[in-house]
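Biologist: I would like a close look at a single part of this model. Please take the open sheet, with what packs on it and what lies around it. Short sentences would help a first-year student.

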Amino acid sequence: MGFMRNIQTENFDREYSDRALLRRIWSYFRPRRGRLALIAFLLFLLSLFFAAAPVLMARGVDRMGQRGDAGFLALLVGGVLALGILAWLTNWAQRRLTTIIIGDVVLEMRHDAFQAAMSHDLSFYDEYQSGRIVSRITSDTDEFGRVSVLIMDVMSQMLLVVFLLAVLVSIEWRLTLLLLIVTPIAFVVSSLFQRIARQVTRKSQQAIAEVNVSIQEAVTGISVAKNFRREQGIYEEFSAVNSMSYDTNVRRGLVLSNLFPVLNFFAGFGTALLIYFGGLSVVEGFITAGAWYLFINSVGQFWFPMISLSAFWSQFQAGLSATERLFALMDAEPVVQQTGRQPTGGLRGDIRFEDVTFQYSEREKVLVDFRLHIRPGESVALVGHTGAGKSSIAKLVTRYYEFQKGNLLIDGRDIRSFDLEDYRRHLGIVSQVPFLFAGTVADNIRYGMSGLTDEQVTAVAQSIGGDWLETLPNGLQTDVGERGSRLSMGQRQLVVLARMLAHNPAIFILDEATASVDPFTETQIQKALELVMKGRTSILIAHRLSTVKAVDRILVLQKGRIIEEGSHEQLMARGGHYAELYNTYFRHQSLEAINTPPRQRLELTLGGIEVE
């Protein structure tokens, strides 16, 4: 099992008892009890028809030996044919109903799993790869569906066993008793496989998740891979993951495939015992030779469903393992804990951090006893080196992460008391890399505001500067492509800002993109930003000089503390850390720097250091 050690498991995974899993699974089937009862009745009829066929033929042959009537032979053939037709129709109806019910249950399970995935905090996706989450929602629900079909087949086999036992008892009860003594051996052997089957099945599903992750990363990062000529390397990495998955699934297949031969061996051993003791019974006159033959023939039909029942418990572990992974995703504890579900109402946008302590892990403390007050309608820019805590402040305001100590108040109310869905309706968030969904520019502006008419979308788009629409091939009906790949970075930013304007949030948060844009597009973006920020509380993680100079207040962060604050002019006059950041990162964006000769500009940037 050495190759299994490389398969990753998630921290939220947990083990459920079989009883707990079955109880949880039954909760999905309970609303469909009526149709399940109909399926059970159809299975009863199907088993009855299957059990009746050999009895009818055996009794018919006996009568034929006595009467030798051709008419009776035709009647016997017709009876067997009628039983076959009835069995086919019953089986068709039962399988149709089974497919519908299992399809409904898988649909509901997948819906619940997806809803749980959407409800998890961003910290959840920071820790766990999306490909593994996708695998649970898709592959594991499919596995459960396949095993559910198997369950219906097993129910049919169980009923068939009951009817066949009745037939065997009617033939010779003593041999039937011997058969029942031998039968439990099959279940004992099957139980030995059960634990191993559960383990290898879980590893197999984890291996499939690894393959999904590898494919997803390769496809989404294909442009970077081609840029660095890494196609062969990615192929080799995928090949290694795929080989690991192959080894894991082969091991699972070997475990499950060995079960039937072992069970068949014990079935053959049991049949041999019955033949021996049955032959002694014939010699001693306890049973006729014909009855003995009929008994052995019926035992052959009895062993198949019994072996299927025994093997089922090992195969059933695949379904239990799949649902175990699925329920673990649903039951993963959220990091963000709300103390109430109060309606937000109309937000003014007053934000107050009171001695807030926040850390991603025990070793990664970001904010310690942090204090900050942002007034309603005020625009604030956060500047500082990487790791200073800029993005963390924004993530706490959006309630995507849980802080460990202190209070975060919105309009004087604890942020933990809000209904999160209602609260986030009042937030406008633009991430560092603008994300667009597949569809048109108009679709993306309308995202989250499906009631907007085409005229309203056009008005919003034009309000941030109508000239940018002329650069789009089909205007607002331009297809943006996957993740907005058909638009330039500047155009994506404008689309996202137009979306924010249509949403009309009370609090606006922008993690400004660092990508370079041409001066004309930058001017349009800045105008759009000013329009979005007007009258709204705005938090900007700034990377561009034009954005920094446009806000009401600049906060300079260092290691989770505010070390300076004020306007651009005030901070430059102090000559402190902001002035150092300005000279290092922002000065080259100013008109003064643009109009300065290249050599002198380099000296300015390097703080006057001589360069040969």
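Modeller: Here is the sheet first, then its helix, then the salt bridges and a hairpin. This is a predicted model, where local features need pLDDT of at least 70, side-chain atom pairs count only at pLDDT 80 or more, and totals for chains, interfaces and linings use all residues. Residues are numbered from 1 along each chain as its sequence is written, and side-chain values use heavy atoms, with hydrogens and water left out.

First, the terms for the sheet. Helices (H or I, at least four residues) and strands (E, at least two) are DSSP runs, numbered from the N terminus. Two strands pair if DSSP finds at least two bridges between them.

Now the sheet itself. It is open and has 4 strands, in the order 2-1-4-5, with antiparallel pairing. Strand 2 (364-374) and strand 5 (413-414) stand at the edges. Each has a single partner strand, so one side of each is left without a neighbour in the sheet. Strand 1 (residues 351-361) and strand 4 (residues 405-410) are joined by 5 bridges and run antiparallel. Look for I351, which stands opposite I410 in strand 4.

Helix 11 (residues 390-397) packs on this sheet. It touches strand 1, strand 2 and strand 4, where contact means heavy atoms within 4.5 Å. The direction of helix 11 makes about 110° with that of strand 1. Such axes are lines fitted to C-alpha atoms, for helices over the stretch in contact, and angles run from 0 to 180 degrees between N-to-C directions.

How enclosed is helix 11? Buried means under 20% relative accessible area, exposed over 50%, and partly exposed in between (1.4 Å probe, protein chains only). In helix 11, 6 of the 8 residues are buried, so the rest of the structure largely encloses the helix. These buried residues are K390, S392, I393, A394, L396 and V397. An α-helix has 3.6 residues a turn, so residues three or four places apart point the same way. Just after helix 11, R399 takes a positive phi of about 65°.

Next come the salt bridges. A salt bridge is a side-chain nitrogen of Lys or Arg within 4 Å of a carboxyl oxygen of Asp or Glu. By this rule there are 17 salt bridges. In one of them, R341 meets D419 at 2.8 Å, N to O. This pair links distant parts of the chain, 78 residues apart. R341 sits in the loop between helix 10 (289-331) and strand 1. D419 sits in the loop between strand 5 and helix 12 (420-424). R341 counts as exposed, at 67% relative accessibility. D419 is buried, at 14%.

Another salt bridge joins R416 to D414, with the closest N and O atoms 3.2 Å apart. R416 is buried, with a relative accessible area of 17%. D414 is partly exposed, at 22%. E421 and R425 also meet in a salt bridge, at 3.4 Å, N to O. E421 is exposed, at 56%, and R425 is partly exposed, at 48%.

Finally, R375, E378, R553 and E565 are linked in a network of salt bridges. Two of these numbers lead to a hairpin. Strand 9 (residues 553-558) and strand 10 (residues 561-566) run antiparallel and are joined by 5 bridges. The bridge partner of L557 is I562, in strand 10. The hairpin has 2 residues between its strands, and K559 in the turn has a positive phi of about 50°.
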